[in-house]
Amino acid sequence: MSNGFFQVGFTPGGTILKLFRATEGDTEISAKEISDFLSSKHILCNASAISQGIAAMLSSGKPDHMVLINKDYLSEIEESYTLRATSDKMSLIARFYPPSMKGRRLNADEFINDLTVKGVKFGIDEDAIRAFFAKPVYCTDVVVAKGREVVQGKHAFVEYFFETDLSQKPTLKEDGSVDFFALNTFTQCKKGDILARLHKEVQGKNGMTIFGEPVLPLAVKRKALKYGRNLVCSEDGLVLSAGVDGQVSLVDEKVFLTDVMELDNVGPSTGNIDFEGNIRVLGNVSENFSIKAGGNVEVRGVVEGASIEAGGSITIARGMKGMGKGVLHAENNIIAKFFENAEVHSKGYVETESILHSQVFAGTEVIVTGKHGFITGGRVVATNLVRAKTIGTDMGANTVIEVGADPKIKARYQELQKNIANTGKMIETARPQIENFMKKMKSGATFSLDQKMYFQTMLTEDKKRKADMQAWTEELDSMQDILESTTEALVEVTGDIFVGAKIVISDASMIVKNTMTYCRFKKVNGEVRMSAL
């Protein structure tokens, strides 16, 4: 098997070109490649004669064909080749051309020596080179040197052995309502249970280009187990175990383990509650009282005009009568039977059966389920989705629904991209100076006080730039998830949306002018558009 190729010959009658046909399945020689070769050897040729010769060979069906290209009688030429390095400098490809019919062939040692002269320092494939010279295949790419691929490392990660899914949804009854007494919001554990295991980072291995340049692997991220009280960490820092029986939760990658504080009611008999772990209230939370928890809060009764702040999720089985002053804040999700005249802030999702004249803000979505499933009056804001059966009323209650990324987030994202690009350029510009100065210091060179101060300033600035780059990159990564998740922000209505309701998607908005049924609102070409579900 071989590609088509050619060979030059010099006779008293002139310069001839012998064309050889490719074997089945391989590539025929091109007129351009022949023309380029002849031009590099300063041999005059008629381009049309070459093309006609190739056409004649192919039509004849014969394995070769002779073409007279000029009437010059020139000196014989030796075997030659071209070299091409891939863009990543990891491979060197040679393409060999035969000597003239009486010309000299090269040998493997000559070729290898020439590669060294041309700066190839790593990965020369002597076996492939000697195989070619033993049995040449011309006009065919031959990989004659190959670099060592970089081996990427692995980031450290923590494996958890308890439920960490903060998007866990409550159980739905057959009638479509939420079973607020089967929420499964707490995870039980026993003393001695292994709760988490740290898998340490694995460093990568340098690669090497064919020119001897190192290729560095990407930096790997380190981690450490984060945990609160009642937990036991092994001496090597790799295993986290429960020190007591209790409830375990994960908040911002930190493991908390507490005995749940369980109360009959929160009110005059208890005062305000402030507890590091999870709190369960079997009854009600009275007006003007507050609960602050480092973990989850579960209320099995009603919350009336109270304030609840949770480092985890909040669940209220019988709903919240905010009385215009009740406020909920959760780092994760909020689930309640209803919200009335309340202010609700969740960094996760919000799920309920009705929202009446309330201000509700969710980091991901607001889902209003159940038999009625209505949002009436007030303002409901979510990043990805608001879904309800009914929005607004036929009486025209002022109801605003907002979804999509905040324009301030987009502006900050663009600012971070610009900062990272500009600072990266400054780091790369300063790198040669810093490396040169460090090299001279190691060799024992002496510097003036001004030079030392200048170098120290450069090092300080370089360190600050790299620290800034890391902080910006981490912020950019966190914002990337938000922006990607909001490109399809939606408002869905499984029943009716009434006249006067306002839909806002990112920076676009519309006011509903006709009652609509079973519809979806989405931003299309900069405008809020309605379509059927």
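Good morning. The protein chain I am presenting contains six helices and 38 strands. Please bear in mind that this is a predicted model.

I begin with overall form. The radius of gyration of the protein chain comes to 37 Å, whereas the globule rule gives 24 Å for 533 residues; the chain is therefore more spread out than a compact globule. The extents of the C-alpha trace along the principal axes are about 115 × 70 × 50 Å.

Turning to burial and contacts, 43% of the 533 residues count as buried. If we take contacts between residues at least 6 apart in sequence, 45% of them join residues at least 24 apart.

Next, the surface and the charges. The protein chain exposes about 28,600 Å², and 52% of that area is supplied by carbon and sulfur atoms. There are 64 positive and 68 negative side chains in the protein chain, and 4 Å separates the centres of the two sets.

I close with one local element, helix H4, which covers residues 126-134. Which residues of H4 are buried? They are Ile129, Phe132 and Phe133. Viewed down the axis of H4, the buried residues fall within an arc of 95 degrees, so they line one face of the helix. Asp127 and Ala134, on the other side of H4, are exposed.

What do the buried residues of H4 pack against? Their partners are strand E5 (91-97), helix H3 (108-117) and strand E6 (141-146). Helix H4 thus presents a buried face lined by residues within that arc of 95 degrees, with Asp127 and Ala134 exposed on the other side. Thank you.

Notes. Residues numbered from 1 in each chain as written. Predicted model: local features only at pLDDT ≥ 70, side-chain atom pairs only at ≥ 80, totals over all residues. Heavy atoms only, no water. Helix = DSSP H or I, 4+ residues; strand = E, 2+ residues; numbered from the N terminus. Rg over C-alpha atoms; globule rule 2.2 N^0.38 Å. Buried < 20%, exposed > 50% of the residue type's maximum accessible area, 1.4 Å probe, protein only. Contact = heavy atoms within 4.5 Å. Areas by Shrake-Rupley, 256 points an atom, 1.4 Å probe, with all protein chains shown as cover. Lys, Arg positive; Asp, Glu negative; His and termini not counted. Charge placed at Lys NZ, Arg CZ, Asp CG, Glu CD. Arc of directions from axis to C-beta.
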